[in-house]
Every structure is written in structure tokens, then in C-alpha cells.
Protein chains: 2
Amino acid sequence: MGTTQLESVPEPKYWHLKTVLSDALDSEFAVGEILPNERELAARFGVARATLRQALEQLELEGRLQRRRGVGTTVAPPRMGVAVGDSEHTWPGTTADTWQTVDADEACAPAAVARLLDIDPEQSVHIVRRTRKTRGQPVAAELLYVPAASVPDLAAIDAPAGPARARAVLRELQRLRLEGRDQAVELGSARADDAKQLDRLPGSPVLLVTTRYCAQGRTAAVSVATYRADTCRLTFGGTDMQLLAG
Amino acid sequence: MGTTQLESVPEPKYWHLKTVLSDALDSEFAVGEILPNERELAARFGVARATLRQALEQLELEGRLQRRRGVGTTVAPPRMGVAVGDSEHTWPGTTADTWQTVDADEACAPAAVARLLDIDPEQSVHIVRRTRKTRGQPVAAELLYVPAASVPDLAAIDAPAGPARARAVLRELQRLRLEGRDQAVELGSARADDAKQLDRLPGSPVLLVTTRYCAQGRTAAVSVATYRADTCRLTFGGTDMQLLAG
DNA sequence: CAGTGGTCTAGACCACATA
DNA sequence: ATGTGGTCTAGACCACTGT
């Protein structure tokens, strides 16, 4: 008897669930609206809560949902376009409108950063912390690594570690002529301290943007910026960003 | 009695597990080496398999591990640097070294793409499929959307839908003078068909790169490329990419 | 075939936010 | 105090890959 292949490729439940929920979000929910809680949704779809959660996690990863412990699950607004690759030739600190300097101190750079800076991993560098906000929401936390050699005129202790020191480092850095810049984007998970600044749980998916600033034929500074992957779409270059930056 | 705060912030098990495993990967394992299976690892650390899996998932997200069903979990090599934002002024198809044209047909573009192209969502466009390989490994799957208006000299059916048609569309596109380009990067999850091309499971985290090509004051084409987030670090611009592209 | 990772269940308890 | 999402368990079965 010719058995026709039924369900030869059974789709996982959570995958099917995800598409069902996704369609429902498009048609039946408004941005900001809160969904029924997980236990009720699981019951309504006849699956275990863990399975339902697997679907919700995917939708959150795609920026469709926002979940907050103790509060609930809400429909997320479309991702914000965040300019990252514009103004090819500016030092950090030049465009202060979106970035906010937090503080600075001196410590060793991580091995990967030391390699980019081409310095001894044991050597301590200036580390400037900054935060980026867009429309009131924190979107990125940045660590800017500046070797002492890049800011020779900075009196070592002319300001105590803190905001004043941070501004001094940025000011000195801007006296160099910027010769070029390159960037890389990769997926990461938020470290505990970054997570706190971004108002997310540790381990949340983030986009890591590594920027290398070149001057005097050397790498003068390296920045590692941690962007919330759920709420941000990083935009690069171009003359006219209106459409993508919406 | 002054109770000193012990464990006032109990770290989740999977988080602690992740750091332990991460350190072990650095010190005790070589790239490509296979780890003990999940059941044994869970037993060894005294946790449920689900908890162990949560730690492994994070490490895979960060590109430290590679897991394949039926095979096992192996230590992943460092991420590949994949140039995405170089050659600011080239049409797709010009640099054929890494991209491989698959085929083409005609269909409606997704709503988001139609908006970028500034065309009626019902209008059908050319869709060219391409694949990108680096060091033998598939790293990206691309859909290139080209409205008929951008390639007016293309005889509609001068080639049947397929590779020949794809090459014809690219050839015609390159006759236009490219005036600019902008790009955006965001996190997504692999659609079923992309997942197959990328040799991953559906839903795997991917980096979506949306490129808008401008010519004659209009958006002449839009490309949506799906990059494997686990194996790729996307690199942008700059004069000298050696260090970051390693 | 045996062994692997992937999916799913039905429960339990915890941390957090809010009223 | 209540209700939310986050963590964790101990099992089960499935899909896939190799031999």
C-alpha cells in the first residue's frame, strides 16, 4: 500500500508556535500592549511552559517582544536605527550629543584589545567609560582603551580617576590627527556590568562593535561598544540615512 | 549578631557554569577538540542537562563552541573576519571572488523591503539569490531585490528563471552608476531556507545585513544578507584591515 | 545499530516589581 | 501579598550521524 508521506518533516512545536504568535502580534496587538502571562499562554496553546518560553525567547531575540521580570511581556516597538559608522573621521567625544561620559581609570586592557593596540598585555592603559542613550533609552555601553603613549601631554594624575579624568583623556585624544578607522560587529552576550547599564539581564544578546582609531601610523585607541541587540539596528555610512534610520 | 551578607546575589548556576567551562576551554582544550557529551558533562557538574545546555547555548552564541546533532560538541575556531563594508562603491556581482550566484526569479518583495525600494508591495521584483563562502565554509545567504525599473534593458524572459537570469540581472545592474550605499546590521534568527544553506538549524542566531544601493537619485536595489552569527565577525571599512580581519 | 544533540513535559522554587 | 518572568530538575522521546 502506497503510504503517502505525512509529516515527514515534523516542525518543532516551538517553531510553529513562534509563527502563530508572530502573526498574532502583527494583527491583534498594538505596540506596548501586554500579553497574557506565560502560564496562561502555555495553557491556551496546550504546551508546557518551557516550550512556550522557547518561542517567546526567539521573538524577543528578533526584537518583537520585550520581557521584564516581575512585570510581564509586552509588544516591542520597531528597532531603533542607531548610527555607528557615520562621520568616518571623528574621534570619540567629538559628537557629544548621544554619548555621555561616565568616568575613567587606569588598568590593563583585555588580551584581545592589547593585541589590537599592539602593546604589552601587562601594560596599563586609560579606560574611559561612556554610555549612549537614544530617545531616553540606554542603548550602548562603551569602553574606550587609550594607551598612555597616545596622550603624552596628559599629566598622569592631573585629575583623579573619574569624570574629570575621562574628559581630559578625550580632550588630549582629539589633538591627534585621525588617519583612519575600522570597525567590526559581532554577536556577544552582555557582561554583568554592561547588562546593568543597559537595563538587561546578564547574558542578554548584544552586538559588540569594535572600533580601531588610527593616528601617526599606529593604533591610537580602541573602543569596544556593547549595543542592545533587541532594540537596536546599527546603521553604517551612506550619504542619506533617512529611510534606514527610521 | 552582625550577619555578613553571604551570597546576597546568588549567581545563576548556568552562568557560573559558563565561566567555568569558558576557562576550561581556554586552558585545557584545543580548537576542534570534542567535549564530553551533554549527559556526562551535566553529571560531572552535578546539574540537570537542561541547565548544562543553557551554559552551552551561551558559549555557542559567543562563538566558543560548535554543536552538531548526532556528532557532538567541539571547540570552535576564532570567528572569521568577513568584509562587509569595504569597497563603498561597487555593485553586487563586481567582486565575484567570495560570492556565488545561485539563481533568480520574480516575486513580491517583503513589505519592509518594498518600503526601502519605495515601490508598491504588490509589485513583483527580480530576486537574485547568492551565497558567500569563506575558507570553504558557507557564511552568508543573500537575497537581492531589484525592481524591473532598475534594469529596463533586461528582456523580461531572455533567460528562464535560474542562474542565467541571475547573471543577466547583475550585469544590467552594473551598467548603472552607483551613487551611494548605506547598510544596517541587526540580530535575527535564520529562516528555514537560509538555515539550510548555512548548514544550521532554523532559528539559529544570524546577523542581518541590509544594504541599500542608490542610483539616479532612487534606491535601485536592496540586498538582505544573512550571516552566521556564530562564526562571523563583520568588518567595515577602513584603509587597512589586517588586524581586525585576522 | 549506538550515541549524539534537539525537543518536550510537569512540576518546583526563586527574584523582582507592583499594588 | 500577589503575580510576573527566571531558574532548575529529572525524566522522556525524537532526529540525526556515524559505524
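**Two protein chains and two DNA strands**

Over residues 240–246 of chain A the pLDDT, which is the predictor's confidence in each residue on a scale from 0 to 100, stays under 50, and for this stretch the model has 20 contacts beyond four places in sequence, where contact means heavy atoms within 4.5 Å. This is a predicted model, in which local features need pLDDT of at least 70 and side-chain atom pairs count only at pLDDT 80 or more, while totals for chains, interfaces and linings use all residues. Residues are numbered from 1 along each chain as its sequence is written, chains are lettered from A and ligands numbered from 1 in the order in which they are written, and side-chain values use heavy atoms, with hydrogens and water left out.

Taken as a whole, chain A has a mean pLDDT of 88, and 89% of its residues reach 70 or more. Helices (DSSP runs of H or I with at least four residues) and strands (DSSP runs of E with at least two) are numbered from the N terminus. Within chain A, confidence is highest in strand 2 (residues 72–75), at a mean of 98, and lowest in helix 7 (residues 242–245), at 43. Residues 1–8 of chain A also have pLDDT below 50, and this stretch has zero contacts in the model beyond near neighbours in sequence.

We turn next to how the two protein chains are related. Chain B is superposed on chain A by a rotation of 180 degrees with 0.0 Å of shift along its axis, giving an RMSD of 0.0 Å, where the fit is by least squares on the C-alpha atoms of residues with pLDDT of at least 70 in both copies. That is the relation of a two-fold axis. Both copies use the same surface, since 100% of the contact residues of chain B recur in chain A.

An unreviewed UniProt entry lists residues 11–78 of chain A as "domain: HTH gntR-type"; such positions are given in the numbering used here, feature names are shortened, and annotations may be inferred rather than shown by experiment. Over these residues chain A is 54% helix and 12% strand, with the end C-alpha atoms 28 Å apart.

What surrounds DNA strand C? There are 27 residues around this strand, and Lys13(A), Thr51(A), Asn37(B), Arg49(B) and Arg53(B) come nearest, a residue being near if one of its heavy atoms lies within 4 Å. Of the atoms of DNA strand C that come within 4 Å of the protein, 66% belong to sugar and phosphate. Helix 3 of chain A gives the most to the surface near DNA strand C, with four residues. Polar contacts here are pairs of N or O atoms within 3.5 Å; within protein, one atom must be able to donate a hydrogen and the other to accept it, and residues adjacent in sequence count only if both atoms are side-chain atoms. In one of them, a side-chain N or O atom of Tyr14(A) is 2.9 Å from a phosphate oxygen of DNA strand C, while a polar side-chain atom of Arg49(B) lies 2.8 Å from a base nitrogen of this strand.

DNA strand D is likewise surrounded by 27 residues, and the closest are Asn37(A), Arg49(A), Arg53(A), Lys13(B) and Thr51(B). Sugar and phosphate make up 70% of the atoms of DNA strand D that come within 4 Å of the protein. Helix 3 of chain B supplies the largest share of the surface near this strand, four residues. A backbone N or O atom of Glu38(A) lies 2.9 Å from a phosphate oxygen of DNA strand D, and a side-chain N or O atom of Arg49(A) is 2.5 Å from a base oxygen of DNA strand D.
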